[in-house]
Structures are given as structure tokens and as C-alpha cells.
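Visitor: I am new to this structure. Please take a close look at one part, the main pocket, and then follow its surroundings into the rest of the chain.

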Amino acid sequence: MFRQRTLKSLVSASGVGLHTGQKVRMTLRQAPADSGIVFRRVDLRSPVDIPARADLVGETRLSSCLVREGVKIYTVEHLMSALGGLGVDNAYVDLDAPEVPIMDGSAAPFVLLVQQAGITEQGAPKRFLRVTRRVEVKDGDKWARLEPYDGYKLAFSIEFKHPVIERSTQSVAVDFAETSYLKEIARARTFGFMHEVEDLRESGLALGGGLDNALVLDEYRVLNSDGLRFADEFIRHKLLDAIGDLYLLGRPLLGAFSAHKSGHSLNNRLLRALLADSAALETVTFERAEEAPAGVARLVAQFA
């Protein structure tokens, strides 16, 4: 049986919020089976729990922000990407500020934290959400879709008129039965442009951003002294974001995601459209590994 997984022990880290600029301490804790990922604002007089669910995403400008009863948690996508990429089904995430720390702008520091805590199997079967028919959303020339597939694969394309990005690959496809999340996706950092910084900060965004937690480009080049981690780091980070956004379904996904110029808003619209179509999604478990499609078995084997 494929079983649910949680953390073996408690682990903590401190950092700064990318958009709020506030210092934050984050603690990851184990959670019972069927809890999902649950964020908790522990800085409030009465702590507030916010489950990591697509229907609780209330803001999507440059991040996925969970909102419940007026309480917000910004920039959950990188941590969600790491938890999804490592196959963690259940965990509590305690925060003493309204934003997950940005760390180095990728999911790699969160991966290291989870590995430090350790992962343990639970008694309950792992519940997958399987896409049973195509669902698509559009916004002008932007689009995102989910289709049936016995495994989990993603394809993404972008269009940025910048010399560095234009020279890199602007489309990518990965099948996680064959691709390592840790090696190929987790280290890709978020990116931004110098000419946008002033406007963003006037809007109350990117207050904690800098060269230590994002790739920053001027009109011609990457300003970070260490350069790129991958030749196509930009598109890989878009995949990293999408994986985190998709994990807001609350369970691992079996299906094929593809998108062009999508972002947090369109990703969330796609999930809401999927959840609204009762015929497009089903919950499945596999009592024995040999009963699962080959793509699913190879996918789960990566988490072991």
C-alpha cells in the first residue's frame, strides 16, 4: 500500500518575507493522517489555522496568498512545492508573521529542512486526486490546462523579451516518473527585474527582496555575482511555482499539467475550475504497488 507521510520530528528556520519584508520564524511539525498541510499564525492572540487549499487562496499578485477570516499567509508556493516534491502529505507549518520566509528564493532550503526533520510513513493510505477529463482556463494569450495521465507530468512555456531569458530555453516538459524534483527543479530561484522594483515597493511588494533571495536582471544581464544555477533557471522556477500551486489541491495529483505564460492567478483559476467539475476529478488509492499504473509507482518510488 502507498501510505501517507508526515515529518518525523520538529524543525525550525528563520528568515524574511519576500513581499512584507518582515522577519519570520517558521516551524514544521508532524500532523495526523488526512490533515493535509495546515498553516498556523502563532503570532496572533488566538492562533489561526489556514489549511493549504485552493479555495482559500485570496490574493495572487506575485505569490499565492492564503486568506481566512481576514488572516493572511503570503508566498506559500515554494514551501508547498518542496512538500509536494518530497511526497509529504501531512504537516503543520507554524509562522509568527504573515509570510513564509523566502530563504534563497528557491525550494531547496525547504527541502533541506524536511530532510533534516525526516519523513515517516503513516497508517492511512495515500490518497491521490486523479484528473479524469480535460479542464482548461484562459486569459487572453495565457492558458493553463489539466488532462488525464497515469502519473504526474508538467509542461510550461514563457515569453519574456529580455536578452538573457531569450537566450535560455523558454519551454520545458518534465515527467516526475523520470525526473528528480530535487536535482532538476528545487534549486531554481525566483526572478525579477530592476525596472519593476520601485513600482513593486510602492505597492507594498518585494520589500524583502534582494540579490540573496532572487535572481535580479537589469536591461541586459543577471546582476547576481554567482550567475545562474541552470541555463534555463527562469522556466524551471515557473515549474517550481506551478508544482506548489497545484499542491494546494490538498493531495498529490495524477494528471498532466500544461500552461503558457501562466502565473499564480491562472493556476488557481484552473484548480477552482477542476474542483467545480465533479466529473473531472476522482480520489484514488492503491492497496498494492503492482496495482498502480507504472507512472504512479515510479513517481512514489522517488519519495522513498
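The largest pocket and what lies around it

Guide: Helix α5 gives the largest share of the lining of the largest pocket, with 6 residues. The model is a predicted one. The volume of this pocket is about 1,000 Å³. Its lining is made up of 41 residues, and those closest to the centre are Leu62, Thr190, Phe191, Gly192 and Glu196. Besides α5 (194-202), the elements that contribute two or more residues are α1 (77-85), β16 (191-193), β17 (215-217), α6 (233-246) and α7 (264-276). Sorted by class, the lining holds 16 nonpolar, 14 polar and 11 charged residues.

Next comes the second largest pocket, which has a volume of about 390 Å³. Its lining consists of 24 residues, and Gly84, Gly85, Leu86, Gly87 and Phe303 lie nearest the centre. At least two residues each come from α1, α4 (181-184), α6 and α8 (294-303). Helix α8 gives the most to this lining, 3 residues. The classes here are 14 nonpolar, 7 polar and 3 charged residues.

Helix α1 is named among the contributors to the largest pocket, and α1 is also named for the second largest pocket. The helix is mostly covered: 9 of its 9 residues are buried. These buried residues are Glu77, His78, Leu79, Met80, Ser81, Ala82, Leu83, Gly84 and Gly85. After α1 comes glycine 87, which has a positive phi near 75 degrees. Glycine 87 is also one of the residues nearest the centre of the second largest pocket.

From α1 the path leads to a sheet. This is an open sheet of 5 strands in the order β2-β3-β9-β4-β5, with mixed pairing. Its edges are β2 (11-16) and β5 (48-51); each has a single partner strand, so one side of each has no neighbour in the sheet. On average, and with direction ignored, neighbouring strands of this sheet are turned by 25 degrees against each other. Helix α1 packs on the sheet and touches β3, β4 (37-41) and β9 (91-95), while its direction makes about 145 degrees with that of β4. Helix α2 (residues 108-117) packs on the sheet as well, touching β2 and β3, and its direction makes about 160 degrees with that of β2. The strands β2 and β3 (residues 23-30) run antiparallel and are joined by 6 bridges. One such pair is serine 12 with its bridge partner in β3, threonine 27.

There is also an open sheet of 3 strands, in the order β6-β7-β8, with antiparallel pairing. Its edge strands are β6 (57-59) and β8 (71-73), each of which pairs on one side only. From one strand to the next, the twist averages 45 degrees. Strand β7 (residues 65-68) pairs with β8 in the antiparallel sense over 3 bridges. Here leucine 66 stands opposite isoleucine 73 in β8.

Further along the chain, strand β12 (residues 135-139) is joined by 5 bridges to strand β13 (residues 142-147), and the two run antiparallel. Lysine 138 stands opposite tryptophan 143 in β13. The two strands form a hairpin with 2 residues between them, and glycine 140 in the turn has a positive phi of about 65 degrees. Strand β13 also pairs with strand β18 (residues 253-260), in the antiparallel sense and over 5 bridges. The bridge partner of alanine 144 in β18 is alanine 259.

Alanine 259 leads to one last residue, as it is among the contacts of phenylalanine 156. Phenylalanine 156 has its place in strand β14 (residues 152-157). With a relative accessible area of 2%, which is under the 20% limit for burial, phenylalanine 156 is buried. Neighbours within four places in sequence aside, the residues in contact with phenylalanine 156 are Gln170, Ser171, Val172, Ile235, Lys238, Leu239, Ala242, Phe257, Ala259, Lys261 and Ser262. By contrast, glycine 123 is 33 residues away from phenylalanine 156 along the chain, and their C-alpha atoms are separated by 36 Å. Helix α6 spans residues 233-246 and helps to line the largest pocket, and Ile235, Lys238, Leu239 and Ala242 are among the residues that phenylalanine 156 touches.

Definitions and conventions. Residues numbered from 1 in each chain as written. Predicted model: local features only at pLDDT ≥ 70, side-chain atom pairs only at ≥ 80, totals over all residues. Heavy atoms only, no water. 1 Å grid on protein atoms, 1.4 Å probe; cavity = no way out; pocket = protein on both sides within 12 Å on 5 of 7 lines; lining within 4 Å. Points joined across faces, edges and corners; volume = space filled by probe spheres on them. Helix = DSSP H or I, 4+ residues; strand = E, 2+ residues; numbered from the N terminus. Nonpolar A, V, L, I, M, F, W, Y, C, P; charged D, E, K, R; others polar. Pairing = 2+ DSSP bridges. Axes fitted to C-alpha atoms, helices over the stretch in contact; angles between N-to-C directions. Contact = heavy atoms within 4.5 Å. Buried < 20%, exposed > 50% of the residue type's maximum accessible area, 1.4 Å probe, protein only.
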